[in-house]
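Biologist: I have a new protein to show my first-year class, and I would like to walk through it with you. Could we look at it together?

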Amino acid sequence: MSSASKGDRKATLDAASWLFNVVTSVGIILVNKALMATYGFSFATTLTGLHFVTTTLLTTILKSLGYIQSAHLQSSDIIKFVLFANFSIVGMNVSLMWNSVGFYQIAKLSMIPVSCFLEVVFDNVRYSRDTKLSILLVLLGVAVCTVTDVSVNAKGFIAAVVGVWSTALQQYYVHYLQRKYSIGSFNLLGQTAPAQAASLLLVGPFLDYWLTSKRVDAYGYSLTSIVGPVIFFWWIL
């Protein structure tokens, strides 16, 4: 196979991966929003725990097939990662529940300057003038959207701030653990997903009750609200 053909094949795979990532990311957001808004499943923390149960099942299957290598992570590192990751996902899900989809997506953009800030503080990274100007434009856009979006409320804004900062911390810590243990992101997911699933399902019902004054066991489950998301999540995984 010629180098040109290999280059074309790589470009096609990269484009397909990017498209699949966009479609599935948007799909997850829409399904979560439908569960919360249309079907009234406002238990964001419990919902996150169920996501990680699915992830745990998948990574266990892949590990048994040899696609994921076993790696030993220190308990302290797993605990720190789980804390950052759980706050990240719960914060983002609560933000999605309390905010419009538009503001939720705009708020996610502010993770870029926050991540850059963490790299400057912890890794002494220095950015060029053009990069700093780009970050300033992102912050300006987020500020304008926050001020002009009439759907933004205090608790939704706080949830977005918690989600953004914890997500940035999680992403920084992912790179740190990958460098420390020389493992890939999917291998890291296989090591941490069970702890995330267990912790979220343990804390989720109580946290959701505190946030919504509703009990997850009292929710009126229907065939559509259960089967639809299960099929979708297994398909994207």
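**A chain of helices**

Modeller: Happy to! Read along the sequence, the protein chain runs α-α-α-α-α-α-α-α-α. Please keep in mind that this is a predicted model.

Biologist: How many helices and how many strands does the protein chain have?

Modeller: The pattern along the sequence shows α elements. Counting each kind, the protein chain has 9 helices and 0 strands.

Biologist: What share of the residues of the protein chain count as buried?

Modeller: A residue counts as buried when its relative accessible area is under 20%. The protein chain has 237 residues, and the share that counts as buried is 38%.

Biologist: And what share of the area that the protein chain exposes do carbon and sulfur atoms supply?

Modeller: The protein chain exposes about 13,700 Å². The part of that area supplied by carbon and sulfur atoms is 69%.

Biologist: Among contacts with a separation of 6 or more, how much comes from residues 24 or more positions apart?

Modeller: Here we set a separation of 6 or more as the starting point for counting contacts in the protein chain. Residues 24 or more positions apart account for 85%.

**Two helices side by side**

Biologist: Are helices α4 and α5 roughly parallel or roughly antiparallel?

Modeller: Helix α4 covers residues 101-109 and helix α5 covers residues 111-123, and their axes are 4 Å apart. The two pack at an angle of about 25°. Angles under 35 degrees count as roughly parallel, so α4 and α5 are roughly parallel.

Biologist: How do the residues of the contact of α4 with α5 divide into nonpolar, polar and charged?

Modeller: From α4 come Ala107, Lys108 and Leu109, and from α5 come Met111, Ile112 and Pro113. Sorted by type, they divide into 5 nonpolar, no polar and 1 charged.

**Aromatic rings**

Biologist: What kind of pair do the rings of Phe84 and Tyr173 make?

Modeller: A search of the whole structure finds 4 aromatic pairs. The ring centres of Phe84 and Tyr173 are 5.7 Å apart, and the planes are at 75°. Planes over 60 degrees apart count as edge-to-face, so this pair is edge-to-face.

Biologist: How many residues apart are Phe84 and Tyr173?

Modeller: Phe84 is in helix α3 (residues 75-98) and Tyr173 is in helix α7 (residues 154-181). The pair links distant parts of the chain, 89 residues apart.

Biologist: Is Tyr173 buried or exposed?

Modeller: Its partner Phe84 has 26% relative accessibility and counts as partly exposed. Tyr173 has 9% relative accessibility, so Tyr173 counts as buried.

Biologist: Which residues form one aromatic cluster?

Modeller: We have already met two of its members as a ring pair, Phe84 and Tyr173. The cluster is formed by Phe84, Tyr173 and Tyr176.

Biologist: What about the rings of Phe117 and Trp165: what kind of pair are they?

Modeller: Phe117 in helix α5 and Trp165 in helix α7 are 48 residues apart. Phe117 is partly exposed at 46%, and Trp165 is partly exposed at 38%. Their ring centres are 6.1 Å apart and the planes are at 80°, so the pair is edge-to-face.

**Loops worth a look**

Biologist: Is Ile68 buried or exposed?

Modeller: Ile68 is found in the loop between α2 (44-64) and α3. Leaving aside neighbours within four places in sequence, Ile68 is in contact with Thr59, Leu62, Lys63, Phe186 and Asn187. With 2% relative accessibility, Ile68 counts as buried.

Biologist: How far apart in space are Gly184 and Ile68, C-alpha to C-alpha?

Modeller: Gly184 is found in the loop between α7 and α8 and is partly exposed, with a relative accessible area of 35%. Gly184 and Ile68 are 116 residues apart in sequence, and in space their C-alpha atoms are separated by 9.3 Å.

Biologist: Where does Asn124 lie?

Modeller: Asn124 has a phi near 60°, a positive value in a residue other than glycine. At 56% relative accessibility, Asn124 counts as exposed. Asn124 lies in the loop between α5 and α6 (129-148).

Biologist: Last one: is Ser182 buried or exposed?

Modeller: Ser182 lies in the loop between α7 and α8 (185-212). Although Ser182 is not a glycine, its phi is positive, about 55°. With 67% relative accessibility, Ser182 counts as exposed.

Key
Residues are numbered from 1 along each chain as its sequence is written. This is a predicted model: local features need pLDDT of at least 70, side-chain atom pairs count only at pLDDT 80 or more; totals for chains, interfaces and linings use all residues. Side-chain values use heavy atoms; hydrogens and water are left out. Axes are lines fitted to C-alpha atoms, for helices over the stretch in contact, and angles run from 0 to 180 degrees between N-to-C directions. Angles under 35 degrees count as roughly parallel, over 145 as roughly antiparallel, 65 to 115 as roughly perpendicular and the rest as oblique. Contact means heavy atoms within 4.5 Å. Ala, Val, Leu, Ile, Met, Phe, Trp, Tyr, Cys and Pro count as nonpolar, Asp, Glu, Lys and Arg as charged, and the others, Gly among them, as polar. Rings of Phe, Tyr and Trp (its six-membered ring) pair if their centres lie within 6.5 Å; planes under 30 degrees apart count as stacked, over 60 as edge-to-face and the rest as tilted. Buried means under 20% relative accessible area, exposed over 50%, partly exposed in between (1.4 Å probe, protein chains only). Accessible areas come from the Shrake-Rupley method with a 1.4 Å probe; for residues, only the protein chains shown count as cover.
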